[in-house]
Each structure stands twice: as C-alpha cells, then as structure tokens.
Amino acid sequence: MEIGKQDKTLLRLLFSGSSCPADEVSSLLAGLDIDGERAERLLLLALLGIKTDWRAFPASLRPRLEGIYRSMRLRDIYGVPWLNGQIRRLAAAGIPVMIIKGMAMRTYYAPGVPREMSDFDLAVPKERFEEARDLALSAEGAAKAYDSIHSQTIIGPQKDLDLHFRIFKYGVNTSPLIWERAAAFEYEGVRVFVPAPEDMFIHIIDNKARDEIRGEHTGRRLMWLCDLERVAEKGDIKDWKSVRDRAEELGSLYYLKDLLPVFSEVFPERLPPAELEKYFTKDAADRKKERQLSEYKRCFKDYRDYLASHKEEKYGISRALRALSFYRRTYSLYAGPDYRSAGAPVGFIEFFRETHHEGSMAAFLLRYIKKIV
Amino acid sequence: MYIFNDNKVYADLADGQYIVLNHVSGEYYAFDKASSAVLEALTSGCGREDVAKALAERFGEGCGADEKLSAFIDSLLAAEMLLPEGASGQDAAPFAEKIEGESLPELGFERFTDVADLLMMDPIHEVDEDMGWPIPKE
C-alpha cells in the first residue's frame with residue numbers, strides 16, 4: 001500500500017499542531033479539482049480549512065468544503081439518539097457496553113471530528129450477548145437483519161447497529177483480553193467502555209487490513225491513518241515494543257507489520273523508522289502469510305467479479321451453498337484455524353429463508369458474504 | 001438557563017458551531033458561530049439575564065442584546081429545541097468573547113426540513129457553489 005505525496009502533505013499539515021505554513025497549504029490546493037476529488041479527501045481539506053481559519057484557501061472552494069463538513073457531521077449524528085437509547089437500555093440491564101470502531105473515535109478518541117460512519121458498532125461480553133441482542137431487538141424501530149460469526153446486525157430507523165460479541169473479526173477470539181484493559185468513561189449519563197488506546201490502535205489496523213484484503217472502502221484511504229494518529233496522541237502511545245507485544249497477543253501482528261510502514265512514513269515523529277524496523281519487520285513466516293493472503297485476495301476478487309457478472313442469474317440453494325463453500329475455503333485461509341473450527345456460518349439458512357426472494361441468488365450471496373467477513 | 005430537549009433533538013457542537021437534529025420531525029437546524037456561542041452559554045448554566053449582560057458588555061449597551069437574545073430564545077423554544085431549567089450561575093462572559101466582530105450580529109438558525117433527503121444529496125455536485133450543502137443547485 002502506498003500513499004501519494006499530496007496526501008502525505010495533507011495529513012502532515014492537518015496534524016502539525018499550530019504551525020501550518022500558508023505557502024504549503026496553497027501548494028497543496030494548487031490544481032485541486034473539487035468536482036473530481038474523493039469525498040474523504042475533501043472532508044480532510046475542510047478540516048484543514050477550519051484549522052487554518054481558511055487562510056490560503058481560495059474563496060471559491062470554501063462554501064462547498066464547509067458544506068461537505070456540515071453534511072458529514074449531520075451524517076454522523078443521524079441515528080445517534082436511537083443508538084443512545086440502545087446504550088441506555090443495555091446499561092440499565094447491567095450489561096457492560098463497549099463502543100467500538102467509528103463511534104469509539106466519535107465519542108472518545110476524537111469527539112466532534114466528522115468521519116462518515118455508515119453504521120454503529122457496540123460490543124458486549126459474549127456471555128451476555130443473547131440477552132443484549134434480545135433487548136436491543138425489542139427497542140422501538142429495531143428489526144433483525146443478519147447474524148454472523150462475530151455480531152448481530154440490527155436494523156435501526158436511520159442506521160444499522162452491529163452488536164458484537166467478538167471485537168476482532170478473525171484469528172483467535174481475543175475479546176476477553178480487550179475487555180480486561182478497556183477504558184471506561186461516561187457517555188450520555190451511563191458508564192461505557194472503549195478499547196484501551198493500544199487495543200484501539202490495533203483494532204483500527206485490524207479493520208483496515210480486512211478492507212484491504214477484501215478490496216473494500218477504496219474511497220477511504222486516509223481516515224484510518226488519521227484515526228491511528230488521533231488514538232496515538234490521546235493515548236500517548238510511544239512504547240512500540242508494548243504495541244508489538246500486544247498485537248502478537250491479539251493475533252494481529254502481521255497486519256501491523258503490513259500497514260505500519262505507511263503510518264511511519266506519514267508520521268515519522270510518532271513512529272520513527274528505527275522503531276518500525278526494530279519491531280515491525282516481516283520475517284519468513286510473514287512472507288508465507290503474505291503469499292497466502294495474496295492468493296486469498298485473488299480468489300475473493302474472482303468470486304466477487306463472478307457474482308457481479310451474474311447478477312440476473314437465478315439459481316438454486318445447492319449452487320449457492322457450493323459457492324459459499326468455495327468462499328469459506330478462501331476465507332479460512334485468511335481467518336485462520338479458529339474460523340475453520342467454527343462450523344457452518346451462523347444463521348445462513350435462516351437468512352436465506354428470510355431474504356432470498358429479494359433479488360437474485362447472487363445478490364443474496366453477496367449481501368450475506370458482506371455481513372460475515 | 002436551558003437544557004436541550006433530549007426527547008426531540010440531538011445537538012452536536014464542534015469547531016464552535018452547533019448542528020441540531022430533530023429526530024422526531026426530521027428537521028435539521030444549522031447555527032453560525034455567534035448563535036452557537038450564545039446557545040452554548042444558555043445550555044451551560046448561564047441565565048438569560050447573564051447572557052444579555054455579557055453581550056452588552058462585549059458589544060456595548062446599544063447593541064440590542066436584550067431584543068436579539070429574546071427573539072433567539074423564543075425561536076429556540078418555539079422549535080422545541082430547549083426546555084427551561086434553573087440557572088446555575090455560570091459566567092456568560094467567556095461565551096460572549098467567542099463572538100467575533102465589532103457589533104452583535106442577528107442571532108438565529110437556519111431550518112431545513114427532511115434530513116433524510118438532505119443526506120441523499122451529493123454535497124459537492126448537487127449544491128449551490130456559492131452556498132454549499134445543503135442549498136441545492138438551481
């Protein structure tokens with residue numbers, strides 16, 4: 001994975017504290033085609049505009065950049081009142097609630113910073129999961145969608161809620177370890193948790209690795225780097241040996257080795273190249289995994305291409321299960337032995353019965369696969 | 001002082017500007033920085049008189065603080081954004097200091113209906129280039 005020179009400059013300026021030279025901002029904006037630019041980059045440019053009080057920004061750019069900032073903020077809070085109601089219900093029942101992923105950034109690690117969340121993610125301890133799921137589903141406006149090997153998706157009036165009993169989506173089940181170190185804080189009058197800074201840092205990498213492997217969220221190339229830096233700043237992460245050890249414990253060290261070179265390149269003050277080399281250099285076993293993952297990526301892409309090119313085809317459940325079996329083989333390569341021993345994907349048949357009438361089998365499989373990985 | 005009417009609205013303050021979502025009616029209210037500073041004061045424990053006094057001290061006795069503040073509060077109450085609550089004696093001066101300029105601007109907010117439609121709008125290509133989202137292109 002590589003990052004362009006201009007994106008690197010944008011991130012450096014955005015996180016440069018008070019110093020932000022006007023000539024560098026002007027140079028960054030030179031030749032900007034706002035109509036052809038990615039929304040994520042425009043949002044980050046808007047944040048830079050706000051940070052610099054729009055100095056060095058051409059007047060013609062400002063209204064639409066401010067507009068995208070407003071729209072992303074509204075997008076983020078859309079559905080939050082319903083989510084807050086869910087958190088209060090769970091807390092009232094004595095169920096510990098951990099806010100994870102984007103909402104953990106929004107509520108704890110970077111409050112007020114818009115980031116375009118498509119859904120909400122909460123985690124509860126596995127032993128309280130069924131109770132929590134039933135409680136969440138009984139809330140007004142909630143409807144059951146699909147369950148997966150790590151969570152239950154609950155459809156909300158504005159956004160979906162993914163209620164997790166597993167926090168990291170592959171490898172061994174490390175959720176109890178994450179609960180042990182979780183940071184507690186008060187949110188909407190109740191005590192909730194977020195992953196501890198190092199765990200949140202690894203969690204962001206874990207999610208980014210999954211997106212990279214699946215070839216998803218390609219329009220979001222920079223937000224994960226911003227999230228990492230914000231978490232590192234808030235958690236004062238400096239001890240990279242400790243991060244390495246924790247990543248090893250959580251089964252995610254390979255993904256840190258794979259993605260942290262980009263982070264170090266953008267934020268060398270945070271993760272100096274010498275520390276990167278000392279703690280996050282790939283070894284022979286990592287190279288082997290790299291080859292396996294590259295094979296998995298190829299299979300996954302082929303599979304998605306196949307589904308995309310057969311959208312209108314109607315075919316039966318036996319073929320669907322064969323396709324799913326193929327998918328699971330490739331997925332187990334990626335996910336590791338814990339997934340292989342997990343048995344049949346949770347809820348597949350139930351989900352099929354409920355939703356197969358909505359469009360073609362291919363479309364159904366794609367929907368299901370998007371939920372289980 | 002006042003509190004947000006949590007049964008109907010959700011307020012988000014960032015970079016000195018409020019956005020408020022009415023999750024019952026589906027309306028969205030946008031505030032500029034001056035109105036946001038006053039709204040923040042009103043919902044942070046400052047009484048109405050304290051805010052009026054702080055604005056008068058900041059912008060001068062003839063700035064129309066009483067009238068502008070009264071109209072603003074009335075509009076917030078009419079939109080059911082706020083509920084009255086006993087004041088807690090918070091000093092309003094720091095909030096008044098956040099308002100830039102030599103004279104006190106009009107206080108208010110813009111109201112947009114149907115937030116779901118607004119969020120469907122492409123915030124770059126479907127908006128007025130001089131106004132930005134959520135003002136649609138003519």
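Student: How many residues does the contact take from chain A and from chain B?

Tutor: The contact takes 24 residues from chain A and 26 residues from chain B. Keep in mind that this is a predicted model.

Student: What makes a residue count towards that contact?

Tutor: The cut-off is heavy atoms within 4.5 Å.

Student: What is the area buried between chain A and chain B, and which residues of chain A lose the most?

Tutor: About 2,300 Å² is buried between the two chains, and carbon and sulfur atoms give 63% of that area. On the side of chain A, the residues that lose the most area to chain B are Arg64(A), Arg73(A) and Leu74(A), together 29% of what that side buries.

Student: Why is the pair Arg73(A) and Asp12(B) called a salt bridge?

Tutor: The rule asks for a side-chain nitrogen of Lys or Arg within 4 Å of a carboxyl oxygen of Asp or Glu. The side chains of Arg73(A) and Asp12(B) meet at 3.2 Å, N to O, so the pair satisfies the rule. Across this interface the rule finds two salt bridges.

Student: How many residue pairs are in polar contact between chain A and chain B?

Tutor: The count is ten residue pairs, with both residues at pLDDT 80 or more. The elements of chain A that give two or more residues to the side touching chain B are helices H3 (39-51), H4 (62-77) and H5 (80-92). H4(A) gives the most, with eleven residues.

Student: Which classes of residue make up the side of chain A that touches chain B?

Tutor: That side has twelve nonpolar, five polar and seven charged residues. Arg counts as charged and Leu as nonpolar, so Arg73(A) belongs to the charged class and Leu74(A) to the nonpolar one.

Student: How do you know which parts of chain A to read with caution?

Tutor: Look at pLDDT, the predictor's confidence in each residue, from 0 to 100. Chain A averages 82, and 76% of its residues score at least 70. Among its elements, strand S1 (residues 98-99) has the highest mean, 98, and helix H16 (residues 337-340) the lowest, 40. Over residues 333-350 of chain A the pLDDT stays under 50, although the model has 42 contacts beyond four places in sequence for them. Residues 352-358 of chain A are also below 50. Where pLDDT is low, the predicted coordinates should not be read in detail.

Student: What makes up chain B, and what share of its residues counts as buried?

Tutor: Chain B has five helices and six strands, in the order β-β-β-β-α-α-α-β-α-β-α along the sequence. Buried means under 20% relative accessible area, and 49% of the 138 residues of chain B count as buried.

Key:
Residues are numbered from 1 along each chain as its sequence is written. Chains are lettered from A and ligands numbered from 1 in the order in which they are written. Side-chain values use heavy atoms; hydrogens and water are left out. Buried area is the accessible area (1.4 Å probe) that two parts lose on being put together, summed over both. A polar contact is a pair of N or O atoms within 3.5 Å; within protein, one must be able to donate a hydrogen and the other to accept it, and residues adjacent in sequence count only if both atoms are side-chain atoms. Helices (H or I, at least four residues) and strands (E, at least two) are DSSP runs, numbered from the N terminus. Buried means under 20% relative accessible area, exposed over 50%, partly exposed in between (1.4 Å probe, protein chains only).
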